[in-house]
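Reader: Could we walk through this protein together? I would like to ask about its folds and a few of its residues.

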Amino acid sequence: MSESPIVINKTSFNNIFPFHIIIDEDLKLKSFGTSLSKIYPKLAIGEVFSTYFNIKRPLITTPTPQNIKSIFNQLVVITDKKSNELSLRGQFEPHENGVLFVGSPWLVSMDEMVDNKLTISDFAKHDPLLDILHVLKNQEIKNQELEELLETINNQKKELKQDKENLNIQSLVASANKNGVVLTNAIGDIIWCNKAYESIVNMTSSKIIGKNILSFGPCKITGTNKKKKILEDFRKGIIFEGEKNIVTKNNKKYYYKTTKQPIKNEQGEVINYFAVIEDISVEKEREEQLLLLSSIAEKSFSAVIITDEKGNTEWVNQSLLNMTGYTFDEFIEKKPGELLHGPESCPNTISYLKEQIKNGEAFYCEMLHYTKSKEKYWVRLNGQSIHDKNGKVFKFFATMDDITIEKEHTEQILTSEERLNSLIANLQSGILLEDENRKIILVNKKFCDLFGIPLEPHMLKDFDCEVMAEQSKDFFKNPDAFLNRIKDILQKKEIVITEEIELTDGRSLERSFIPMHKGEKLVGYIWCYEDVTLKKRYYENIAKEREKYSNIIANMNMGLLEVDKHDIIKLANQSFSNMSGYSIEELLEKKATDLFVKDTNKSIIENKTKERNIGQSNSYEVPIVNKYGEEKYWMISGAPNYNLNGEIIGSIGIHLDITEQKKLELQKEQLLKRLETQNERLNEYAHMVSHDLKSPLRSIHSLISWVKEDNMNLFNETTMNYFELIEDKVEKMDNLIQGILTYSKVDSNKEIKEKIDLNEIVQNCIKIIHIPENINVNIKKELPIIETDLFRMQQLFQNLISNAVNYIDKKEGIVEIDYQEHNKEYLFSIKDNGQGIDHKYQRKIFDLFQTISEEEQSTGIGLSIVKRIVDYYHGTIWLESSLGIGTTFFIKLPKNHGKT
C-alpha cells in the first residue's frame, strides 16, 4: 500500500511547532511560529535569516542555501546573533523551494523560561521540555546530572519524532515531485524512487529497487574507473551536479539534470544519497533554438534587438548598429525608445508599445525613428515575447526593417491614388471599376448621371454589376444585344475601344473595356462610357459639309491643288485639270514645279513652298506652261496643310488663271509709257510756246515805251490812252501765258516732298502779291508743318490770297486765313469781305479761263490752278459767299499726302 499524505493547516502546524522558521530560497524569513516572536520580537518577514541568527552547531559562519542543505537531517543549534544567550535546538529540512527549521528553545530551568517571557501555553502540548523543566525544577537541587540526562533524552525523543515527521513530509513531497527523486544507500544502490523516476527510466519500482543508480538511466556511467571514482566520492559525501542526454526507445532525445546530495548521520558519516533528476529537454531545445536564432539574427539584414521582460536592451545585431549609428555599448541596458524616439515619433504608437511590453504581448507597428545624427527614418517593428518553462515572459525579441523608401513610395502611391480618384471623379466619361467577381469598386458622378442613378457614387460600392446591367438594359435600343455583348466581352477578356451603343432616348454612347491584371492574375475590369451624341452629330454635319464643299471645290472655276512638303501632287479638282490641260490621273503623284514651271522660275515656287512648310501663307503670280506648251499667268494663293495632330504635311493652293488680266496690265503699262512721253513733249511744247509768245509781247511793250518816251509832247491825250490800253493788253496777255504755263505744270511737274511750314508759305505770298494799304491779311492761328511739295503749296495759297485781295471793294478790306485739324485731313479756309460771288457762278469759277469780273487783270486761270492742285492731292474745294458781304473758300486736304 502507498502511504497517504498528511495534510495540515497553518494554525495546526503552528500549534505543533510554535518555534518553527520557514526560509525561502534566498534565506529570507517567510514565516515563523508565534511563540518564537515572543523571544525575538524584532523578527520581520522578508529579512535575511543571518540578520538574526548564528548557526552554532555545526558551526557555519556564513549561511548559504548550499551549506544549509548540507546540514539537513541532523541536530542543529542556532543562537541569537545579538545576545548569543538563548539557543534554539532543532533541525533544518527542505520545504518547498526553501528550508524549514523545527525546534524549541534550549532552556535549562523554569526561571530561564520566565526570563524569556515564555509560558506553558507557548509550547506545544507534546513538547516534553515542559515536563522536564518541572522535574528539573523539583529535583534541581537533588540531582542536577539526572535533570540534564532527562533533558537530553527528551530532546532526542523530540528530534526523533520531528525527524520522523520531516521524513514523512519529505516523502510526500518527493512522491509528488514532477522531477525524478531517488534515495540510495552510501554506495549508490537504490532503496526508494518516486513515480516520476519510474517514468524517466521506463521501469517499475520493483525492477528499480536494488539496482545501482550508476548502472542505468540518466545517471549511467560506463567507464569502470570513472564509476569507481564516483563511488569513492559517494563515500566522501561529495555533492554531484550534471547534465546528460539519453535516447529512448522511440529515438527521441531527452536531456536531464541530476543533483545528488549526501545524507549524513550525527557522526558525519554518509548513510544515504538523495538524487533529483530533472527533465530539461524543453529548456535545452529552447537554448538550441535561441542559439540558432542568435546566429541568424547576427547575420540578418533586418535589425534585431533582444530585451529583458522590462524592455531593457540585452543584445542587438550589427544591422541595427549600422541603421542607427549607435554602438553596442550605447544600446545595452537602455530602453530602445530612449535612443530612437524623437519629437515626431507618434505618441500613440509609443504608448501602444509600452502597453504591449507591460502585458507581455507581441507587437507590430510602423513608426518614425531617429539615428544618432538625428536623421529621420521609418521602421516596421515586429516583436515577440519569449516565455520560460513556467510561461512567464523573460525576454522580448524584435526585428526592425527600414521602410523609409517603401514609405515614400507608399505616400507617392497614395498621392497618385488620390489624384487618380480625383481625375476619375471629374472625368467627362462615365467610369465603372469592378473586381473579378463583378462587384463595384468605384464609379464616378458622370456614370450615375449617364444612367440616371439617383445615388452618390460611393453608395454603389460592392453592388453586383450583373444585377445592375439587368436593371439598366431598358435604357438601350436593343436590351438583349446589350446584355449579350457584355457577356461576350467578359468571356473574351479582350480590350474594347470606343464601341458605339444607342439608347432609347436618342443618345449615343461609346463604350470601352479594359481587363486589369496584377502579374498574371485577373483582378478586375474597367468600363468607360462616353456620351458622343453631340460629337456624332458634329461629325455627321462635318460629313455633310465636306460633301457640300467637295462638290463646290470640284465645280468651282478656280483650280485647287494639294501637295505634300516635297511639292508632290496629292489632290486636284476638275477646274485645275482644265486650267493645266492635264487629266487628274496625269497630275497625281507628280511634282508640280516639274510639270508647269520653267527652270528660270522654279526658285519662286521653291521659296514659297519653304514659307508654307514653316506655317506661312502667301499669294504670288507666276508664269507657267500648260500641257500644250502655251504660256499662261497664274495667281496662286497658298496656305499650310495640317494633319489632326497639328503637324504641317504640305500645302493647299488656289490657282486663278490671270492671263487675260496680265495682257491688259501689259497694255496699260505700254499706254502709260506713251502718255508719259506725250506729257513730256507737251511740257516742252508749252515752254516753247510760252517763250515764243512772250518774246514778241516783250518787244511790243518795249517799242510802245520807246515811242511814248520819244514823242511824249507830240501825242495828244487820246493817243496816249491808246498806248496805255495797248500796254494793259500786253500785260494781260503775259499773265495769261504765265497762267497757262503754271496750269500745265501742276500735274506734269515731278513732286518733291519736304517738310513745309505753311506759315512761311503764306508770308511769302503776302510779300509777292501787291496788297493795298486798306487791306489787312490775318493768320488766325499758327498753321501746321506738313510734308508736301513746295511749288504746289505756293501756287495754292498765292492764287487764293490774290483772288481775295483783287475782289475786295471795301474801304477796310480783311482777308482771314485759318485751319482745323481732323483725324484724317486738314480743313483750310480763306475768308474775305469782298463783293461776293453770285450763286449761279460759284461752280463755273473753277473752270479754265472763266471769270465773272470786268477786271482787266483777271485771266480766269488762278482758281483753275487751285482746283487742279486740290484734285492732285485727292482733296475737295468749295466756297460760301454772299453778294456784298464776302466769300470764304474751304480746302480739305488728306493727311496721307504728307506727314505732319
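Author: Happy to; what follows is a set of questions and answers on this predicted model.

Reader: How many helices and strands does the protein have?
Author: The chain holds 900 residues, and 40% of them count as buried. Its secondary structure comes to 29 helices and 33 strands.

Reader: What share of the accessible surface belongs to carbon and sulfur atoms?
Author: Start with the total: the accessible surface of the protein is about 53800 Å². Carbon and sulfur atoms hold 52%.

Reader: And what share of the contacts with a separation of 6 or more is between residues 24 or more positions apart?
Author: Contact here means heavy atoms within 4.5 Å. Among the contacts with a separation of 6 or more, the share from residues 24 or more positions apart is 48%.

Reader: In the open sheet of six strands, which strands stand at the edges, and why is one side of each left without a neighbour?
Author: The sheet is antiparallel in its pairing, and its order is S2-S1-S6-S5-S4-S3. From one strand to the next, the twist averages 30°. An edge strand has a single partner strand, so one side has no neighbour in the sheet; this holds for S2 (29–32) and S3 (53–57).

Reader: Which residue in S4 stands opposite Ile-55?
Author: Strand S3 pairs with strand S4 (residues 76–80) in the antiparallel sense, over four bridges. Opposite Ile-55 in this arrangement stands Ile-78.

Reader: What is omega for the peptide bond from Arg-57 to Pro-58?
Author: Pro-58 is found in the loop between S3 and helix H4 (65–69). The peptide bond leading to Pro-58 from Arg-57 is cis, with omega near -15°.

Reader: Lys-374 and Arg-438 caught my eye. What value is phi of Lys-374 near, and is Lys-374 buried or exposed?
Author: Lys-374 is found in the loop between strand S14 (363–370) and strand S15 (376–387). Its phi is positive, near 65°, in a residue other than glycine. The cut-off for exposed is over 50% relative accessibility. At 56%, Lys-374 therefore counts as exposed.

Reader: Is Arg-438 buried or exposed?
Author: Arg-438 is found in the loop between strand S17 (430–435) and strand S18 (440–443). Phi of Arg-438 is near 65°, a positive value in a residue other than glycine. Buried means under 20% relative accessible area. Arg-438 has 14%, so Arg-438 counts as buried.

Reader: Which residue has a backbone nitrogen 2.9 Å from a polar atom of the side chain of Asn-194?
Author: Asn-194 lies in the loop between strand S8 (190–193) and helix H8 (195–201), and its relative accessibility of 2% makes it buried. A polar atom of the Asn-194 side chain lies 2.9 Å from the backbone oxygen of Asn-179. The backbone nitrogen at 2.9 Å from a polar atom of this side chain belongs to Val-181.

Reader: Why is strand S12 said to be largely enclosed by the rest of the structure?
Author: Look at the directions in which its residues point: Ala-303, Ile-305 and Thr-307 go one way, while Val-304, Ile-306 and Asp-308 go the other, and all are buried. S12 (residues 303–308) is largely enclosed because the number of its six residues that are buried is six.

Reader: Which strands pair with S12 over six bridges and over three?
Author: In the pairing of six bridges, which is antiparallel, Ile-305 stands opposite Ala-398; the partner is strand S16 (residues 393–402). In the pairing of three bridges, also antiparallel, Thr-307 stands opposite Thr-313. That partner is strand S13 (residues 313–316).

Reader: Which residue takes a positive phi in the hairpin of S12 and S13?
Author: Four residues lie between the two strands of this hairpin. The positive phi, near 90°, belongs to Gly-311.

Reader: Which element gives the largest share of the largest nonpolar core?
Author: This core has 39 residues, and Leu-796 and Phe-797 touch the most other members. Elements giving two or more residues to it include helix H27 (758–768), helix H29 (862–872) and helix H28 (790–806). The largest share, seven residues, comes from H28.

Reader: Which residues does Leu-796 touch, not counting residues up to four places away in sequence?
Author: Leu-796 is one of the two residues named for touching the most other core members. With those sequence neighbours left out, its contacts are Val-866, Ile-869, Val-870 and Leu-893.

Reader: How many residues are in the second, separate core?
Author: Among its members are Ile-39, Leu-43, Ile-71 and Leu-129. The number of residues in this second core is 32.

Notes:
Residues are numbered from 1 along each chain as its sequence is written. This is a predicted model: local features need pLDDT of at least 70, side-chain atom pairs count only at pLDDT 80 or more; totals for chains, interfaces and linings use all residues. Side-chain values use heavy atoms; hydrogens and water are left out. Buried means under 20% relative accessible area, exposed over 50%, partly exposed in between (1.4 Å probe, protein chains only). Accessible areas come from the Shrake-Rupley method with a 1.4 Å probe; for residues, only the protein chains shown count as cover. Two strands pair if DSSP finds at least two bridges between them. Axes are lines fitted to C-alpha atoms, for helices over the stretch in contact, and angles run from 0 to 180 degrees between N-to-C directions. A polar contact is a pair of N or O atoms within 3.5 Å; within protein, one must be able to donate a hydrogen and the other to accept it, and residues adjacent in sequence count only if both atoms are side-chain atoms. A nonpolar core is a set of buried Ala, Val, Leu, Ile, Met, Phe, Trp, Tyr and Cys residues joined through side-chain atoms within 4.5 Å.
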